[in-house]
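Work through the exercises below with the model open. Try each task before reading its solution.

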Amino acid sequence: FIEDERGKTRRGFIAQEVLETSIPSLVLGNGEEENGIYGLDYDGILALSVKAIQEQQTIIEDLKARIETLEG
């Protein structure tokens, strides 16, 4: 949303774009119906995001150790 009813800027994902990913199960609602709406399972998105960050951190630590070994 650019602004909600209180004039606040809000940020989020576009549900239709999430539908096109490999995890469409995160999309809720009945957007395919006439006048339907989509929503997102932000708890699910958060859990997947935290897991991805943990995996990336492991890779970063491994690469840092490798760099130290090569430079040492």
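Five exercises follow, each with a worked solution.

This is a predicted model: local features need pLDDT of at least 70, side-chain atom pairs count only at pLDDT 80 or more, and totals for chains, interfaces and linings use all residues. Residues are numbered from 1 along each chain as its sequence is written, and side-chain values use heavy atoms, with hydrogens and water left out.

**Exercise 1. Layout and overall shape**

Task: Find the pattern that the chain follows along the sequence, and judge its spread by the globule rule.

Solution:
- Start with the elements. The chain has 2 helices and 2 strands. Helices (H or I, at least four residues) and strands (E, at least two) are DSSP runs, numbered from the N terminus.
- Read along the sequence, the pattern is α-β-β-α.
- Now take the radius of gyration. For this chain of 72 residues it is 19 Å, well over the 11 Å of the globule rule, so the chain is more spread out than a compact globule. The radius is taken over C-alpha atoms, and the rule is 2.2 Å times the number of residues to the power 0.38.
- Check the axes. The C-alpha trace spans about 65 × 30 × 15 Å along its principal axes.

**Exercise 2. Helix α2**

Task: Test the span of helix α2 against 1.5 Å a residue, then find the residue that caps its N-terminal end.

Solution:
- Helix α2 covers residues 42-71, which is 30 residues.
- The expected span is 1.5 Å times one less than the number of residues.
- That gives 44 Å; the end C-alpha atoms are 42 Å apart, which agrees.
- The cap is Asp 41. One of its side-chain oxygens lies 3.3 Å from the backbone nitrogen of Asp 43.

**Exercise 3. Two leucines in α2**

Task: Classify Leu 48 and Leu 63 by exposure.

Solution:
- Apply the cut-offs: buried is under 20% relative accessible area, exposed is over 50%, and partly exposed is in between (1.4 Å probe, protein chains only).
- Leu 48 sits in helix α2. Its relative accessible area is 43%, so Leu 48 is partly exposed.
- Leu 63 is also in helix α2. At 44%, Leu 63 counts as partly exposed.
- Look at the partners of Leu 48. Beyond neighbours within four places in sequence, Leu 48 is in contact (heavy atoms within 4.5 Å) with Ile 23 and Leu 26.
- The C-alpha atoms of Leu 48 and Leu 26 are 10 Å apart, across 22 residues of chain.
- For Leu 63 and Lys 8, 55 residues apart along the chain, the C-alpha separation is 41 Å.

**Exercise 4. Val 27 and the core**

Task: Is Val 27 buried or exposed, and which residues form the largest nonpolar core?

Solution:
- Val 27 lies in strand β1. With a relative accessible area of 13%, Val 27 is buried.
- Setting aside residues up to four places away in sequence, Val 27 touches Ala 15, Val 18, Leu 19, Tyr 38, Gly 39 and Leu 40.
- The largest nonpolar core has 6 residues: Ala 15, Val 18, Leu 26, Val 27, Leu 40 and Ile 45. Such a core is a set of buried Ala, Val, Leu, Ile, Met, Phe, Trp, Tyr and Cys residues joined through side-chain atoms within 4.5 Å.
- Across the chain, buried residues make up 11% of the 72 residues.

**Exercise 5. Asn 35**

Task: Place Asn 35 and describe its phi.

Solution:
- Asn 35 is in the loop between β1 (27-29) and β2 (38-40).
- Its phi is near 60 degrees, a positive value in a residue other than glycine.
- Most residues other than glycine have a negative phi.
- Asn 35 is exposed, at 73% relative accessible area.

Conventions
A polar contact is a pair of N or O atoms within 3.5 Å; within protein, one must be able to donate a hydrogen and the other to accept it, and residues adjacent in sequence count only if both atoms are side-chain atoms.
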